[in-house]
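Trainee: I would like a close look at a single part of this structure. Please take me through it step by step.

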Amino acid sequence: LEAWKSAREANGKKAAYFVIPGNHDINNYDGYDFTKYDEESGKAELAGLTTHAMFNDMYKSLYEGAELYINSEEYKDYMAKYPNISEGHGASSYAKHVDLEGSIEGKSGLTVIGIDTSINTEDVTADGRASHITAGTMGESLYKWAKKQIIAAKKRNDLVFILSHHGYIPHFVKEPELLKEYLLNEWNDECYDGKKAADAFADLGVSYVFTGHMHAQDIAKNT
């Protein structure tokens, strides 16, 4: 990653980079290492599990300078309810400020809040096992922390973007019926300050939410 970034910058392509795990990335028992693919048998070796700690360390250069959810009082209070587990939901979440160097008039910078919505830890899986599933959620603790980060960013007069794997609003009419696991489980529930997640973040001043999971490039608007 660092060599790739350095090569791009050497070619004048300077940029800020952000990461958030998807539903296949953490605690995936079905991940295979295709660098060890055997053509005769047509099989690859199991890659082994990636934990949140391993993911965060793997991308530590991208987390550098960020406010980490795992260091917050919200996360510590949440984890106090689960004394027998080492990693809780949302453990790869962060908030990072980027100086825009005056490129957007009237704004001091950009804050990107990575909200780790994937379900893969014992506290949120239905069977209490640390294993990945397709669906996603945010949860009250993670929302409270994100809200605090947004308020602080707006006080700095920052633009605020959110980065998550799961969607906050449908991208097509039938998505909640056909592909409901590609949205937050609670996307349509008024459970965040009495509002849907998308409405709550919009009212706090979030400009855009970048999501994945759908494997499609499109834009959905919350009105």
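Trainee: What is the order of the five strands in the open sheet, and how do they pair? Please go on from there to helix 7 and what surrounds it.

Mentor: Keep in mind that this is a predicted model. The five strands of the open sheet run in the order 3-4-5-6-7, and the pairing is mixed. Strand 3 (67–68) and strand 7 (208–210) are the edge strands, since each pairs on one side only. Now look inside the sheet. Strands 5 and 6 run parallel, joined by seven bridges. One bridge partner to find is S164 in strand 6, which pairs with I115. Helix 5 lies across strands 3, 4, 5 and 6, at about 175° to strand 5.

Next comes helix 7, residues 197–204. Its buried residues are A197, A198, A200 and F201. Viewed down the helix axis, they fall within an arc of 165°, so they line one face. In an α-helix, residues three or four places apart point the same way, because there are 3.6 residues a turn. The buried residues of helix 7 pack against strand 5 (109–115), helix 5 (140–155) and strand 6 (158–164). Just after the helix, G205 has a positive phi of about 105°.

Now pick out F201. Its relative accessible area is 2%, so F201 is buried. Y168 is buried too, at 4%. The two rings form an edge-to-face pair, 5.9 Å centre to centre, with 65° between the planes. Y168 lies in the loop between strand 6 and helix 6 (175–178) and F201 in helix 7, so the pair ties together parts 33 residues apart in sequence. Both rings belong to one aromatic cluster with Y143 and Y192.

Definitions and conventions:
Residues numbered from 1 in each chain as written. Predicted model: local features only at pLDDT ≥ 70, side-chain atom pairs only at ≥ 80, totals over all residues. Heavy atoms only, no water. Buried < 20%, exposed > 50% of the residue type's maximum accessible area, 1.4 Å probe, protein only. Helix = DSSP H or I, 4+ residues; strand = E, 2+ residues; numbered from the N terminus. Arc of directions from axis to C-beta. Contact = heavy atoms within 4.5 Å. Pairing = 2+ DSSP bridges. Axes fitted to C-alpha atoms, helices over the stretch in contact; angles between N-to-C directions. Phe/Tyr/Trp six-rings, centres within 6.5 Å; stacked < 30°, edge-to-face > 60°.
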